[in-house]
Amino acid sequence: MSVEVPSDEELLTMTEPACYGDGMPSEGIRGGALHLSSVLPAVSNAIGCPMPTDIHSDPKGLQEALGLPDAASAVVVLVDGLGYWNLNMRLGHAPYLRSLMNESANQRPIATCMPSTTVAAMSTFGTGTCPGMTGMTGYTQLNPKTGEICQLISFRNAVPPLELQQQPTMFERLSAQGVRVTSSGLPKFAFSALTQAALRGSDYISNDDPRKRVAVAAQAAKNPGLTYLYLRDTDKVGHNYGWDSDKWIGTYERVDGQLGLLRRSVPKGTLIVIVADHGMITTDPESVIDIAQDQRLMQGVVHVGGEPRCVMLYAEQGEAPENIAARWRDVLGDRAQVRTRSQAIAEGVYGPVVSRVEPMIGDVIVSATKAVTIVDSRTQAEKAMHLPSVHGSLTMLESDIPCLIDVA
Ligand SMILES: [Zn+2]
């Protein structure tokens, strides 16, 4: 039996921000052991080299909570943008994933971080910690050194990756213990700023051909240790064509084919763990809010960061964040959840926040509800303001992610 998928409306309801730590989530509480940050610490224990982190002290407990068996060799696959519900709603196109979803152990989502976006999630995953510690809190955020907005996919206007993201990665810590850590990926990501920030420390093998990247991962898995494979096309095609498009389904079928090939190619006994960084929603062209069209939204705001589903507002000198938050609540009503930075930190939405990271986070954080997007036509290109599918907020679609387990 596969899982029952909630209604479209329910999938767009907001979840509570996930909590951080080793506990099993209870009624109404999400995250804890069942969180993206738990995956690599849990895998470290499964391969016999337990590696606690600043927010996860119990890798063995995490391994049990996620249901991972012990294995000498593990392959962790991260499929960009393939949320738990996105995956389940199109299972008819994915025979391998369908077979995994028939296993009761896989019939539960885990939570990604807030915001549900690649840079925040990759560093949360790669370090086994949280955005409050990695300093990667949004697609764009304030660079306190320059007082300008920087972008963290390519690190445009940002400080260098190792200066921003100071948490050791799981890959470098495992390598330092003599564990083999291999990444198989696109050549252009081998030395990218994002790889250096979030996933440094592996032996990175580049290949342009996706099926060869699978073969490289399977080959690496012959030796004990950890192998990492990144598949990005579901996110890319989702942004360009919509996750509900035929084009996305074609991509999903190819991804399933690559995962099935991996399963057939790894040596017997290899542990395979399939996760995502976030899911995706379909936007509504009627629900686009342009900050530049409303004086009340611009008032007192010097910079706008984040992304259309999770906007970060930086206050002008002398402006109280509470006043900005009050105006945005007035204007947006039920179209967004508005938190001041101090509220967000007190709620723990970024996990523990170290002091150097605090000024990077917006004075006010606005999470869009339903299919709403919040754009700024003063700084964003037409295409970026009207992407058919996006992510970043706290709906079930965006924040529930898979953690599928298979043993070859
Ligand atoms: Zn994306």
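Analyst: Contact here means heavy atoms within 4.5 Å. By that rule T127 touches T53, T134, Q165, Q167, P168, T169, M170 and A198, leaving out residues up to four places away in sequence. The model is predicted: local features need pLDDT of at least 70, side-chain atom pairs count only at pLDDT 80 or more, and totals for chains, interfaces and linings use all residues. Numbering runs from 1 along each chain as its sequence is written, and side-chain values use heavy atoms, with hydrogens and water left out.

User: Why is T127 called buried?

Analyst: Its relative accessible area is 1%. Buried means under 20%, exposed over 50%, and partly exposed in between, with a 1.4 Å probe and protein chains only. At 1%, T127 is therefore buried.

User: Where does T127 lie, and what does its side chain reach?

Analyst: T127 belongs to helix α6, residues 118-127. Helices are DSSP runs of H or I with at least four residues, strands are runs of E with at least two, and both are numbered from the N terminus. The T127 side chain reaches the backbone oxygen of S123 at 2.7 Å. A polar contact of 2.7 Å also joins the side chains of T127 and T129. Such a contact is a pair of N or O atoms within 3.5 Å; within protein, one must be able to donate a hydrogen and the other to accept it, and residues adjacent in sequence count only if both atoms are side-chain atoms.

User: Which atoms coordinate the zinc ion?

Analyst: D235 (OD), D235 (OD), H239 (NE2) and H391 (NE2), at 2.1 to 2.5 Å. Donors are N, O and S atoms within 2.8 Å of the metal (3.2 Å for Na, K and Ca); water is not among the atoms, so sites may look incomplete.

User: Why is the arrangement of the four donor atoms called irregular?

Analyst: Four donors count as tetrahedral if all angles lie between 85 and 135 degrees; four count as square planar and six as octahedral if opposite donors are over 155 degrees apart and all others between 65 and 115; anything else is irregular. The angles around this zinc ion are 54 to 152°. That range makes the arrangement irregular.

User: What spacing do the zinc donors follow along the chain?

Analyst: The spacing is D-x3-H-x151-H. The pair of D235 and H391 links distant parts of the chain, 156 residues apart. D235 sits in helix α12 (residues 233-241), and H391 in the loop between β16 (389-390) and α18 (396-399). D235 and H391 are both buried.

User: Which residues does G279 contact?

Analyst: Leaving aside neighbours within four places in sequence, the list includes G81, G83, N86, V390 and H391. G279 lies in the loop between β8 (271-275) and β9 (281-282). Its relative accessible area is 0%, so G279 is buried. The C-alpha atoms of G279 and G392 are separated by 8.8 Å, with these positions 113 residues apart along the chain.

User: How many disulfides does a search of the whole structure find?

Analyst: Zero. C49 has its nearest cysteine sulfur, that of C403, 19 Å away. For C403 the nearest cysteine sulfur is that of C113, 15 Å away. A disulfide is a pair of cysteine sulfur atoms within 2.5 Å. Accordingly, C49 is in no disulfide, and neither is C403. C49, at 14% relative accessibility, counts as buried, as does C403 at 0%.

User: How many aromatic pairs are found, and what makes F189 and Y230 edge-to-face?

Analyst: The search finds six aromatic pairs. The ring centres of F189 and Y230 are 6.0 Å apart, with planes at 70°, so the pair is edge-to-face. F189 lies in the loop between β5 (181-185) and α10 (193-199) and Y230 in strand β7 (residues 225-231), so the pair ties together parts 41 residues apart in sequence. W243 and W248 have centres 5.3 Å apart and planes at 85°, so this pair is edge-to-face too. The rule: rings of Phe, Tyr and Trp (its six-membered ring) pair if their centres lie within 6.5 Å; planes under 30 degrees apart count as stacked, over 60 as edge-to-face and the rest as tilted.

User: What makes the phi of F155 notable, and is F155 buried or exposed?

Analyst: Phi of F155 is positive, about 65°, although F155 is not a glycine. At 8% relative accessibility, F155 counts as buried. N157 also has a positive phi, near 65°. N157 has a relative accessible area of 48%, so it is partly exposed.
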